[in-house]
Amino acid sequence: MSNITQTNISFARFIKFIIPSILSMVFISFYSAVDGFFLAHYVSSNALASINIVLPYLNFVWGISVMLATGSSALVGIKIGEGDLTEANRSFTLALLFTIALSFVVMLLSLLNLDSIVQYMGATSILFADAKLYLIMLALSAPILTAKLFLEYYIRLDGSPMVSLFTSFVGLILNIVFNYYTVVILKTGVFGSALATVAAVTLSLVCCVIYFMYYSKILTFAKTTWHGGFIKHSLTNGSSEMLTEISSGIVAVIFNLTVVAYAGENGIAAIAIVINIFYFLISIYLGIATGAQPLISCNYGAQNTQMLAKILRYSKLCIAISSMLVFAVALYNGAAIIKWYVGDNAAVLRIATDGFKLFSLCFLFLGANVFISGLYTSIGNGLVSAIISAARSLVFVCIALFILPKLMGLKGIWLAIPLAEACTLIMSVVFYKRFVKDYL
């Protein structure tokens, strides 16, 4: 705890603290990308398109975990900063149990409405069967997925970002190995790819549980009782992250429905590739935000404004540098990444490459929006965080997708995200200045 609230942190120590979080988020972003890579190369582009159809469901499942993990961990971090470790452990355990229970409810409701969900997400008759099969596997694994992501957030809060990195890395490597075995060797297609991911995530979850049972530094599983106020505050505080995930899923559905009118199944496959690359690159910004969150929450709880000022200064520098680097990589190496991903499918390659050149503009604005939204979550102000998240991931995107394609055709679809992020940046800057004025 003293390492998190010390005042003499240097930029080098800050970087050392957040790098494991960045890498962890990168590894997590690769999970669905691994499935897509093996299906695109060893099955068909339609198999890739079919799993992209139901990936919005994964956004929803992740969203439940992220909402409770970020919302509750910020509050628990504040308790740690205040020195109330008993209450911190009780709250941590309660949040975990509530997350698992909620994910079981989602699983049951999903299994009872499979056909409706797949149809709503826009699956064509060609993609329906594989999309439904992939959705079944996602639904059955919902409790495992949510618990794994939840515990990785708390491992970072516990002061062990390298352990969180290790669990994510183990999951990624196992996912690659299992996908190779099930898709390439056994030739089980979409089912095998989904099974590989579930198995990898399960073993990663086991590592997380072992950590809290035997190796944790501050937090541990404890006897707890129902605390409705804490759960409510956790839900509202993490609502922006949930909103981001749900909005991403909604927008993905709208993207699929819009692009199929311009480019058919090849357009959906192209969207799948670009979205997977997007998740990989945005994970860098998410890593900075989640890496800084324990530092912000604990020092906010300890009323250590000197440390807060340093963290904000270091974070802004990291966001600025990463924004320029990510944009450069996306702009100048996007075509090579897409070709590696999709192989020799000329039609899909052309659509994705042309679109990504326009889409990559979003990386200039995205980092600041993600960090400022996460900043307000870290101090327990979920309302402002939710406003920023709703603007960037839903409201402005839907408006842009409604207007731009009518004016510019397929190019308008690719420019929707950059325009939404640029508009949100204005709002984010205003809220950031307000934060500095109110708290520093």
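# Exercises on a predicted helical model

**Exercise 1. Decide whether the radius of gyration of the protein chain agrees with that of a compact globule.**

Solution. The protein chain has 440 residues, and a compact globule with that number would have a radius of gyration near 22 Å. The radius of gyration of the protein chain is 21 Å, and therefore the value agrees with the globule rule. The extents of the C-alpha trace along its principal axes may be set beside this result: they are about 60 × 40 × 35 Å. The model is a predicted one.

**Exercise 2. State how many helices and strands the protein chain has, and how its contacts are distributed along the sequence.**

Solution. First, the secondary structure consists of 16 helices and 0 strands. Next, consider contacts between residues at least 6 apart in sequence: 83% of them join residues at least 24 apart. Finally, burial is taken into account: 59% of the 440 residues are buried.

**Exercise 3. Identify the helices in which confidence is lowest and highest.**

Solution. Begin with the chain as a whole, for which the average pLDDT is 86, with 96% of the residues scoring at least 70. Then turn to the individual helices. The lowest confidence belongs to helix α1 (residues 2-5), with a mean of 50. The highest belongs to helix α4 (residues 85-111), at 95.

**Exercise 4. Classify Thr93 as buried or exposed, and list its contacts beyond four places in sequence.**

Solution. Thr93 is located in helix α4. Its relative accessible area is 7%; the cut-off for burial is under 20%, so Thr93 is buried. Leaving out residues up to four places away in sequence, Thr93 touches Thr220, Phe221, Ala222 and Thr224. As for Ile311, 218 residues from Thr93 along the chain, the two C-alpha atoms are separated by 28 Å.

**Exercise 5. Determine where Lys187 and Gln303 lie and whether each is buried or exposed.**

Solution. Start with Lys187, which lies in the loop between α8 (161-185) and α9 (189-214). Its phi is near 55°, a positive value in a residue other than glycine. The relative accessibility of Lys187 is 67%; exposure requires over 50%, so this residue counts as exposed.

Proceed to Gln303, placed in the loop between α11 (239-301) and α12 (305-342). Gln303 is not a glycine, although its phi is positive, at about 55°. With 58% relative accessibility, Gln303 counts as exposed.

**Exercise 6. Describe the exposed area and the charges of the protein chain.**

Solution. The exposed area is about 17000 Å², of which carbon and sulfur atoms supply 69%. The chain has 23 positive and 15 negative charges, and their mean positions are 9 Å apart.

Methods: Residues are numbered from 1 along each chain as its sequence is written. This is a predicted model: local features need pLDDT of at least 70, side-chain atom pairs count only at pLDDT 80 or more; totals for chains, interfaces and linings use all residues. Side-chain values use heavy atoms; hydrogens and water are left out. Helices (H or I, at least four residues) and strands (E, at least two) are DSSP runs, numbered from the N terminus. The radius of gyration is taken over C-alpha atoms; the globule rule is 2.2 Å times the number of residues to the power 0.38. Buried means under 20% relative accessible area, exposed over 50%, partly exposed in between (1.4 Å probe, protein chains only). Contact means heavy atoms within 4.5 Å. Accessible areas come from the Shrake-Rupley method with a 1.4 Å probe; for residues, only the protein chains shown count as cover. Lys and Arg count as positive and Asp and Glu as negative; His and the chain ends are not counted. The place of a charge is taken as NZ of Lys, CZ of Arg, CG of Asp or CD of Glu. pLDDT is the predictor's confidence in each residue, from 0 to 100.
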